[in-house]
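Got your viewer open? Here is a short walk through one structure, stop by stop, with something to select each time.

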Amino acid sequence: MTDKLYKPSEKTINEAIIKEYDNKYKFSIDNSDKYWEEQAEYLDWYKKWDKVVDESNAPFYKWFSGAKTNIIHNAIDRHLSDSHRNKLAFIWQGEPGDERHFSYHKLDKEVSAFANILKAMGVRKGEIVTIYMPQIPELIFAMLACAKIGAAHSVVYAGFSREALAERIKDASSKVLLTADGGWRRGKIVDLKSIANEAMKRSPTIEVCITVKRTGQEVEMEQNRDFWYHDLCALPIASGKCETEEMNAEDMLFILYTSGTTGKPKGIVHAHGGYSVYISSVLRTVFDIKEDDRWWCAADPGWITGHSFIVYAPLINGATTVLYEGAPTYPYPDRFWRIISNYGVNILYTSPTAIRGLMRFGDSWVKKHDVSSLRLLGTVGEPINPAAWEWYYNIVGDGNCQIMDTWWQTETGGFMISPYPITPLKPGSATKPLFGIDADVVDEDGNKVKPGEQGILVIKKPWPGMAQTILHDADRFKEVYWSKYEKQGWYLAGDSARIDEDGYFWIIARLDDVIKVSGYRLGTAEVESALVSHSSVAEAAVITLPHELRGNAIHAYVILSQDYTASDKLNDIIKEHVRSEMGPIAVPETIKFVDSLPKTRSGKIMRRVLKAKAQGLDPGDLSTIED
């Protein structure tokens, strides 16, 4: 935790759309139905709601019950009759350097063609289509096409194994799989069709597989099951207008499987109505999207960050979005900064993992490009350590761009705790809950903890972006998220946190990432931040292992910055640095220098894998781990 306070710069504060946070926040909590109804009025509806939120079957809340809508109506259709028709919706760049641009009019044509093809292939309203594609425009067309015809999509990240893909196909009972021959990553082809073929051998429900040609290598196609997308586009079935299906507000929009630290991945279900209202509202207010802004969420559409803030919320708000296919350091560590300079990106939203990875290469790669178009910066995925925050703020943002450090989850749909552009910032803090979000930090019994004291993060009131359930497992939904504070009706976020004297929230770690040493509770993020604050350390992960005297001892895994070499002397220097930063209780018993860390595709470090390997145990399900 730091006492240093960064006040908004003139570059953002004069343009901010949020005023008088405290008064508006209090109103939004005391009059939450009224507040969310105001946000819903920003959208078009086929039919308005009878009730803002139906709590009769809590925690299975129904938002805007009785309303008729479709997210595509707000993301595409309503823009076709106004000035957005010819505005760029997407600017896409492939890793090899190829480009494609799509106006809202062109996007509508592409989505309608894909939707017509899906209908011709037998996809019906309410069915779940599995999508396994790289970061290419057709992935977005496929998602939007499913929503347009009332089918739900289940996007499986294109780095997952055949087993992980097959498991998700089975859980969703998908009849149709949408994939590509391959994708580009760090200059190499990822052979997705071969993985998809292996997964389909384990997936008897699949009847049709449609494949987009991206990389052009030879792939195996099975007769009567496999179809090339470009061949289908050339047929009459793809042509003509496809009407957007009218949906109930609570109808299923998509399923997204969470990585989870243990057990079977959870198929989180989101719906058309409440999700549309929530994600469009928080993007509009947190990032203060302007008519001429170019927005870049440097995530993958296959994760909730991509679903909400590459695909749906920017389109609902009529924004122009940049999408990039490949790795941030390919072919050189300036790929991000080159894209920002070339396209005039105004807002960059990326992960602390990416920031630390780029910071490792030094300042010169940023400074050789003109990134002065940036107005706001954002982070997502995990708490950002202060050293990375300072680099992002001072080097990338040149001390002029507020950093929107957003805390949220797959289950929440969109940002929950985050600054607004006028919020004074503390490096490493997600600051305060957004309007309408009643967040708190409590103890095991539900009592509010004192300022600065560590506790359990809870959300005390429902919000429109919340997950509806876990696919096929309502009991697990109640057990995982609602049972601990069932009497109070609070949502358990699964994170430990604290609130300081100024009301700022500090996310510490997942509850299963809180470590105990000699009776003291420490967050893994705290110790890792202390390690990374030393100039030699680019990334770090810590775990605890049993210790005869202390109960547990801390063990650290460290990736060194570019100009450092592992040595016993450096080991001792880093330990002494942690001692001075956090005290002797936090000093690791061992530091192991490594080249990589086990992470999920969304960038979260899987400490349980490190712990299992250190103890010679089975690390469990590895389907969500990148490498």
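Start by selecting C242: is C242 buried or exposed? C242 is buried, with a relative accessible area of 2%. Keep in mind as you look around that this is a predicted model.

**Stop one: the cysteines**

Now add C146 to your selection. C146 is buried as well, at a relative accessible area of 0%. What is the nearest cysteine sulfur to that of C146? It belongs to C242, and it is 11 Å away. A disulfide needs the two sulfur atoms within 2.5 Å, so C146 is in no disulfide. C242 isn't in one either, with the sulfur of C146 as its nearest at 11 Å. The count for the model comes to 0 disulfides.

**Stop two: strand 6**

Next, select residues 128-132, which make up strand 6. How many of the residues of strand 6 are buried? The count is 5 of the 5, so the strand is largely enclosed by the rest of the structure. Turn on the side chains here. I128, T130 and Y132 point one way, while V129 and I131 point the other way. That fits a general pattern: in a regular strand the side chains alternate between the two faces of the sheet.

**Stop three: the neighbours of strand 6**

Add residues 152-155 to see strand 7, which runs parallel to strand 6 and is joined to it by 4 bridges. Look for V155 in strand 7, standing opposite I131. Then add residues 176-180 for strand 8, also parallel to strand 6 and joined to it by 3 bridges. In strand 8, I131 has L178 as its bridge partner. Now show helix 6 too: together, strand 6, helix 6 and strand 7 form a right-handed β-α-β unit.

**Stop four: the nonpolar cores**

You've already met two residues of the next selection. I131 and L178 are among the residues with the most contacts inside the largest nonpolar core, alongside F64, L144, F287, F309 and Y312. This core has 119 residues, and its largest share, 9 residues, comes from helix 6 (residues 137-148).

Zoom in on F287. Which residues does F287 touch, leaving out those up to four places away in sequence? They are V282, W295, I347, Y349, R375, L376, L377, G378, M404 and F415.

For a last selection, pick Y343, V371, L374 and I403. They are included in a second, separate core of 30 residues.

How values were computed. Residues are numbered from 1 along each chain as its sequence is written. This is a predicted model: local features need pLDDT of at least 70, side-chain atom pairs count only at pLDDT 80 or more; totals for chains, interfaces and linings use all residues. Side-chain values use heavy atoms; hydrogens and water are left out. Buried means under 20% relative accessible area, exposed over 50%, partly exposed in between (1.4 Å probe, protein chains only). A nonpolar core is a set of buried Ala, Val, Leu, Ile, Met, Phe, Trp, Tyr and Cys residues joined through side-chain atoms within 4.5 Å. Helices (H or I, at least four residues) and strands (E, at least two) are DSSP runs, numbered from the N terminus. Contact means heavy atoms within 4.5 Å. Two strands pair if DSSP finds at least two bridges between them. A crossover is right-handed if, with the strands pointing away from the viewer, the path from the first strand over the helix to the second runs clockwise.
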